[in-house]
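Good morning, colleagues. May I ask you to turn to the structure on the screen.

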Amino acid sequence: MKRKIMIVIVGSVILSLLACGDSLKNRLTKRLNNFRQSLPDEIREKFDAGQYEQAGKMLEERLGRIKSYVNKLPNDEIRRKFIRGKYEGIEKYLNGLSQQDLEFNKEFYPVIDYECIPTFNGHQIVDFFRVYFKEKLETL
């Protein structure tokens, strides 16, 4: 009787862990999808098509526009708000950038911040997600 109870308990624990645990594949898929969704359509299409060099170049151009704009902002507090996509209170400084770039910055920064890669350039970011997520998922 004790043995049956122990088997049931151990079985229940194992099933609970399997049911509650998030698989590596699910976590990688979620993080890759967060990256993909933060990209403008034209860059996402290149990335999905395996045109990584072009995707990296396009991303680098977009990030370059953002960075050159950030360098023109008057102080560090405004720069931090802008980079994080917190535009409330700094609207008067947003005239030099397109709405698409503002939206891109707001969507993209949380992704690269979460991945701890805000200093990567466009090519490095594309390679990071290609190698550690897309190619890894293909092997699972």
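I shall speak about the nonpolar core and the aromatic pairs.

This is a predicted model, in which local features need pLDDT of at least 70 and side-chain atom pairs count only at pLDDT 80 or more, while totals for chains, interfaces and linings use all residues. Residues are numbered from 1 along each chain as its sequence is written, and side-chain values use heavy atoms, with hydrogens and water left out.

I begin with the core. The largest nonpolar core (buried Ala, Val, Leu, Ile, Met, Phe, Trp, Tyr and Cys residues joined through side-chain atoms within 4.5 Å) has 32 residues. Among those with the most contacts inside it are Phe35, Phe108 and Phe129. At least two residues of this core come from each of helices 2, 3, 4, 5, 6 and 7; helices here are DSSP runs of H or I, at least four residues, numbered from the N terminus.

Which rings pair across the chain? The structure holds 12 aromatic pairs, meaning Phe, Tyr or Trp rings (for Trp, the six-membered ring) with centres within 6.5 Å; planes under 30 degrees apart count as stacked, over 60 as edge-to-face and the rest as tilted. Phe35 and Phe129 are stacked, because their ring centres are 3.9 Å apart and their planes at 5 degrees. This pair links helix 2 to helix 7, 94 residues apart. Both residues are buried, that is, under 20% relative accessible area, with exposed over 50% and partly exposed in between (1.4 Å probe, protein chains only).

Phe128 and Tyr132 form a tilted pair, with centres 5.4 Å apart and planes at 50 degrees. Phe128 is buried at 15% relative accessibility, whereas Tyr132 is exposed at 53%.
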